Amino acid sequence: MTELPSFLSEPSPVFPSDPHKDAQTEQAFQRWAVKIEYDGTGLVGWQKQSVGTSVQGLLEAAATRMANGRRVSSITAGRTDAGVHALGQVAHLDFPADMNLAPHIVRDGLSYHLKPHPVAVLQAALVTEKWSARFSATWRSYLYRIINRPSPAALGATHMWHVRARLKLDKMREGADRLVGTHDFTSFRAAACQARNPVRTLDSLTVERVGEEVHIRTRARSFLHHQVRNMVGTLILVGRERWDPERITAALEARSRTAGGPTAPAEGLYLTGVGYNPDPFADPPTSY
């Protein structure tokens, strides 16, 4: 019996499927970008988990209800951790093509089905099938809130970090300036961070006092896991004069998580915005 050539006898390789491609083959879809606000208190974060309530799970369940039980999947611009809040998170949803949708219908329909959870859709915009909430983003911005007074916050305690000692903002600003620019942020990322490249370009990092609060704001194209919270924790050491600002440069150069400061609590962190060019949300939201 003649043996078959090896290229015919060997099994064909199996490649992982693209869920969006499969969905498009089986059923055409319409892609909608949504801007979301949520209170992360009590949630396990953005990503669906085996246990606990996630923003992604709530959003996809709401969209699936709008689609009369047909599953609607989502992709986000950035996965927030448990307890982290958002003022301008962005995701995209692939609804069935036969649905008669408009921006206000998507916004209001999702917000209705998200009740009573503290998640609301602020804007919705129809985008192309190639547009991605994650890969089309050009920047992401965060705010970290600190209540800086002797007494803790009786209201909003789950939305800011209480630091009793009066912080030296001039020192913190000097330390923040050392983090701006392109650096290897190994010392400021989580030990379990899965990013292949620890180099990031920090566009801005500012520190300002707003009444009894200290606000730390930052912006970059992308961040490493826990990068913002680790930078904040380190700046607090500088503000309490436990670290000299120069030590931040030394921490960067060490390229070791053990050289960086502590991780600030999740509850003070807010994802404030995600940038795109062009911006699908450029047109002001409508009420009707």
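Here is a friendly conversation about salt bridges and burial in a predicted model.

User: How many helices and strands are there in the protein chain?

Analyst: The protein chain has 7 helices and 10 strands. Of its 288 residues, 47% count as buried.

User: And how many salt bridges does the structure hold?

Analyst: There are 11 salt bridges in the structure. Let's walk through some examples.

User: What makes K48 and E60 a salt bridge?

Analyst: Their closest N and O atoms are 2.9 Å apart. The cut-off is 4 Å between a side-chain nitrogen of Lys or Arg and a carboxyl oxygen of Asp or Glu, so the pair qualifies.

User: Which parts does the pair of K48 and E60 tie together?

Analyst: K48 sits in the loop between strand 1 (29-38) and helix 3 (55-66), while E60 belongs to helix 3, so the pair links parts that are 12 residues apart in sequence.

User: Why is E60 called buried?

Analyst: E60 has a relative accessible area of 7%. Buried means under 20%, so E60 earns the word. K48, at 39% relative accessibility, lies between the limits of 20% and 50% and therefore counts as partly exposed.

User: How do you know that R229 and D81 form a salt bridge?

Analyst: The closest N and O atoms of R229 and D81 are 3.5 Å apart, and that is within 4 Å, so the definition is met. R229 lies in helix 6 (residues 227-239) and D81 in the loop between strand 2 (74-76) and strand 3 (85-96), so this salt bridge ties together parts that are 148 residues apart in sequence.

User: Is R229 buried or exposed?

Analyst: R229 is buried: its relative accessibility is 12%, which is under 20%. D81, with a relative accessible area of 23%, is partly exposed.

User: What makes R178 and E246 a salt bridge?

Analyst: Their side chains meet at 3.9 Å, N to O. Because the limit is 4 Å, this pair counts too. R178 lies in the loop between helix 5 (169-177) and strand 7 (181-184), and E246 in helix 7 (residues 246-254), so the parts being tied together are 68 residues apart in sequence. Salt bridges with shared partners also join E174, R178 and E246 into one network.

User: Why is E246 called partly exposed?

Analyst: The relative accessible area of E246 is 42%. Partly exposed covers the range between 20% and 50%, so the term fits E246. R178 is also partly exposed, at 27% relative accessibility.

Note on methods: Residues are numbered from 1 along each chain as its sequence is written. This is a predicted model: local features need pLDDT of at least 70, side-chain atom pairs count only at pLDDT 80 or more; totals for chains, interfaces and linings use all residues. Side-chain values use heavy atoms; hydrogens and water are left out. Helices (H or I, at least four residues) and strands (E, at least two) are DSSP runs, numbered from the N terminus. Buried means under 20% relative accessible area, exposed over 50%, partly exposed in between (1.4 Å probe, protein chains only).
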